[in-house]
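This briefing is meant to be read with the sequence and the coordinates open side by side. Please look at the aromatic rings, the helix packing and one strand residue in turn.

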Amino acid sequence: MSAFLHQALKASSVIIATLQRQDSLLYEKHTRGAGGDISIGVDLYSERIYKEHLLTLASIESEESGFIQGAGSDYIVLDPLDGSDNFLSHIPYYGASLALCDKNDKCKEALIINFCSKECVIRQDSQCFRFYLYEYESKQDKAFMPLDSTPISKCGIFEKAYSNPHIAKLLYENGLKFRSLGASALSMAKAYEVNFMLFMGEIRKFDSKAGLFLCENLHHISSKNWTLISKDKHIFDIILNFLDNSKG
């Protein structure tokens, strides 16, 4: 395990322990963050813990505070809380997304973690792995299994479905079931297991940098109009075709 992934997992463990206490300060609204959304207490707390653990390794570009100078020439694209509305609504689907990049913006390593299930997806070198945080904390990391596409799944994930009813209708008409889960980075990390992951509109790098790196081995496209990922070439082509035909 690299220093970046080790420190990111240590920070995540600290954050999860605090979130489980549900302190009222975590729910307070603050100012608008660098990513354009209003920050809440948990966003800023999570960012602070990641800063404490990671700034000795690299700078950080965070959705909340923008660029934060750290050591070396690398930088980390950080969404310290992916799925803030889910957190505020007590829906157990939120976490964090971290991508370690070099000075040329090339992603080197990535972690997406679900704070509720403690499920982690990482990419180090050219390999992706899925595991649970307790496996890492109990030093079972040598037994981590490579992340492979599951052969059977019934649904995809369609983020922003609520604002794209015409696309939802096309999916329905093509027999493509979906769920809308409300945390884009976490949903990208699930792309190996579900039929597809679709996000309509231009996705921010805080939500997508780690996820696209993790999903490079799958069929994928990301533009200002949509992000589509699928393990299934046939499903990928069906969705891409009606996305192309529905433009405008």
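The points below go through aromatic pairs, a charge over a ring, two helix crossings, a covered helix and the surroundings of one strand residue. The model is predicted, and the structure holds three aromatic pairs, of which two are described here.

**Aromatic pairs**

- The rings of Phe 87 and Tyr 94 are set with their planes at 90° and their centres 5.2 Å apart, and because planes over 60 degrees apart count as edge-to-face, this pair is edge-to-face.
- Both partners of that pair, Phe 87 and Tyr 94, are buried.
- Tyr 132 and Tyr 134 form a stacked pair, with 6.2 Å from centre to centre and 20° between the planes.
- Tyr 132 has a relative accessibility of 35% and therefore counts as partly exposed.

**A charge over a ring, and helix H7**

- The charged end of Arg 123 sits over the ring of Phe 213, at 3.9 Å from the centre of that ring.
- Phe 213 is one of the buried residues of helix H7, a helix that spans residues 205–214 and is mostly covered, with eight of its ten residues buried.
- The buried residues of H7 also include the charged residues Asp 207 and Lys 209, together with Phe 206, Ser 208, Ala 210, Gly 211 and Leu 214.

**Helix crossings**

- Two packed helices are described by the angle between their axes and the distance between the axes.
- For helix H1 (residues 3–19) and helix H2 (residues 41–54), the axes come within 9 Å and cross at roughly 145°, and the crossing is right-handed.
- The contacts between these two helices include Phe 4, Ala 8, Ala 11 and Ile 15 on the H1 side, and Val 42, Tyr 45, Ile 49 and His 53 on the H2 side.
- For helix H5 (residues 165–173) and helix H8 (residues 233–246), the axes come within 11 Å and cross at roughly 140°, which makes H5 oblique to H8.
- The crossing of H5 and H8 is right-handed, and here Ile 167, Leu 170 and Leu 171 in H5 meet Ile 239, Phe 242, Leu 243 and Ser 246 in H8.

**Asn 114 in strand S7**

- Asn 114 is found in strand S7, which covers residues 107–114, and with a relative accessibility of 8% Asn 114 counts as buried.
- Apart from neighbours within four places in sequence, Asn 114 is in contact with Pro 92, Tyr 93, Tyr 94, Gly 95, Glu 119 and Leu 186.
- Among these contacts, Tyr 94 is also the partner of Phe 87 in the edge-to-face pair.

Notes. Residues are numbered from 1 along each chain as its sequence is written. This is a predicted model: local features need pLDDT of at least 70, side-chain atom pairs count only at pLDDT 80 or more; totals for chains, interfaces and linings use all residues. Side-chain values use heavy atoms; hydrogens and water are left out. Rings of Phe, Tyr and Trp (its six-membered ring) pair if their centres lie within 6.5 Å; planes under 30 degrees apart count as stacked, over 60 as edge-to-face and the rest as tilted. Buried means under 20% relative accessible area, exposed over 50%, partly exposed in between (1.4 Å probe, protein chains only). A charge sits over a ring if NZ of Lys or CZ of Arg is within 6 Å of the ring centre and within 35 degrees of the ring normal. Axes are lines fitted to C-alpha atoms, for helices over the stretch in contact, and angles run from 0 to 180 degrees between N-to-C directions. Helices (H or I, at least four residues) and strands (E, at least two) are DSSP runs, numbered from the N terminus. Angles under 35 degrees count as roughly parallel, over 145 as roughly antiparallel, 65 to 115 as roughly perpendicular and the rest as oblique. A crossing is left-handed if the near helix is turned anticlockwise from the far one by less than a right angle, and right-handed if clockwise. Contact means heavy atoms within 4.5 Å.
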